[in-house]
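Reader: I would like a close look at one part of this model, namely its charged side chains and what surrounds them. Please go through that part step by step, and then place it in the rest of the chain.

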Amino acid sequence: MAEDASSAPTAAPSPDDATGYGLTITLIGAILLALAYYGVVAIDDVGELGSAVPEPFYLLAFAVLFVLELFNSRGLGVVGFARAIAFTAVYGALFVVAVEGGAYLWSNPDAALEGYVGVTVFAAALVLSALVYVGYLALLEA
């Protein structure tokens with residue numbers, strides 16, 4: 001009995017599936033994620049969002065991210081538009097919290113330097129970011 005194409009096993013993503021853009025976004029995502037960790041700490045301490053930069057600049061960052069991803073999207077149309085929206089939501093939120101974290105680290109550098117906690121936070125963020133990228137590639141392969 002012949003197998004249906006939908007029941008055929010899918011191949012795992014190969015290194016050829018990774019692009020320079022994807023790897024760059026993964027690294028930037030790891031940096032933003034590590035800074036966002038400290039942003040959560042800062043927001044918990046201060047109790048408000050937007051203390052590092054005025055809120056209109058965050059809106060500008062969302063707009064720039066959306067336009068860049070929309071222009072870089074592989075497929076134009078609904079899929080490209082949906083991808084740009086998802087990218088903007090994820091990276092925009094990371095950017096906002098990361099800016100708060102960067103401002104917090106600027107005034108409290110010991111939060112990351114004491115005991116080399118910042119290295120551990122970045123290592124965890126890098127692994128998580130890489131796992132998300134490989135998961136995205138696997139989703140594209142499916």
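Author: Glu69 and Arg83 are both buried. This is a predicted model, and the positions discussed here are computed from it. The two residues form a salt bridge, in which the closest N and O atoms are 2.7 Å apart. Side chains of opposite charge can pair when their charged atoms come close. The partners come from distant parts of the chain: Glu69 belongs to helix 2 and Arg83 to helix 3, with their positions 14 residues apart in sequence. The structure holds one salt bridge.

Next, the helix that carries the acidic partner. Helix 2 covers residues 55-72. Its 18 residues should span 26 Å at 1.5 Å a residue, and the C-alpha atoms at its ends are 26 Å apart, so the expected and modelled lengths agree. Besides Glu69, the buried residues of helix 2 are Tyr58, Ala61 and Leu65. Seen down the helix axis, the buried residues fall within an arc of 55°, which means that they line one face of helix 2. An α-helix has 3.6 residues a turn, so residues three or four places apart point the same way. The buried residues of helix 2 pack against helix 1 and helix 3. On the other side of helix 2, Pro56, Leu59 and Phe71 are exposed.

There is a second acidic side chain to consider. Which side chain of opposite charge is nearest to Glu100? It is Arg83, and it is 27 Å away. Glu100 is buried yet has no salt bridge. A salt bridge needs a side-chain nitrogen within 4 Å of a carboxyl oxygen, so a separation of 27 Å rules one out for Glu100 and Arg83. Glu100 sits in helix 3, which runs over residues 78-107.

What surrounds Glu100, leaving aside neighbours within four places in sequence? Its contacts are Gly39, Ala42, Leu49, Gly50, Ser51, Ala52, Val53 and Tyr58. Among these, Gly39 and Ala42 are buried residues of helix 1, and Tyr58 is one of the buried residues of helix 2.

That leads to helix 1, residues 20-46. Its 27 residues should span 39 Å at 1.5 Å a residue, and its end C-alpha atoms are 38 Å apart, so the two values agree. The buried residues of helix 1 include Gly22, Ile25, Thr26, Gly29, Ala30, Leu32, Ala34, Ala36 and Tyr38. What covers the buried residues of helix 1 includes helix 3, helix 4 (110-113) and helix 5 (117-141). Just after helix 1 comes Gly47, with a positive phi near 90°.

Ala30 shows how helix 1 meets another part of the chain. Ala30 lies in helix 1 and counts as buried because its relative accessible area is 0%. Not counting residues up to four places away in sequence, Ala30 touches Phe122, Ala125, Leu126 and Ser129. The C-alpha atoms of Ala30 and Leu94 are separated by 9.8 Å, although these residues are 64 apart along the chain.

The other side of this packing is helix 5. Its buried residues are Val121, Ala125, Ser129, Tyr133 and Leu137, and they pack against helix 1. Helix 5 has 25 residues and reaches 36 Å from its first C-alpha to its last, close to the 36 Å expected at 1.5 Å a residue. In the loop between helix 4 and helix 5 is Tyr116. Tyr116 has a positive phi of about 55° although it is not a glycine. With a relative accessible area of 65%, Tyr116 is exposed.

As for the chain as a whole, there are five helices and zero strands. Buried residues make up 25% of its 142 residues. Of the contacts with a separation of 6 or more, 79% are between residues 24 or more positions apart.

Finally, confidence. The mean pLDDT of the chain is 83, and 85% of the residues reach 70 or more. Over residues 1-5, pLDDT stays under 50, and the model has two contacts beyond four places in sequence for this stretch.

To return to the request: Glu69 is paired with Arg83 in a salt bridge, whereas Glu100 is buried and has no salt bridge.

Methods. Residues numbered from 1 in each chain as written. Predicted model: local features only at pLDDT ≥ 70, side-chain atom pairs only at ≥ 80, totals over all residues. Heavy atoms only, no water. pLDDT = per-residue confidence, 0-100. Contact = heavy atoms within 4.5 Å. Helix = DSSP H or I, 4+ residues; strand = E, 2+ residues; numbered from the N terminus. Buried < 20%, exposed > 50% of the residue type's maximum accessible area, 1.4 Å probe, protein only. Lys, Arg positive; Asp, Glu negative; His and termini not counted. Expected span 1.5 Å × (residues − 1). Arc of directions from axis to C-beta.
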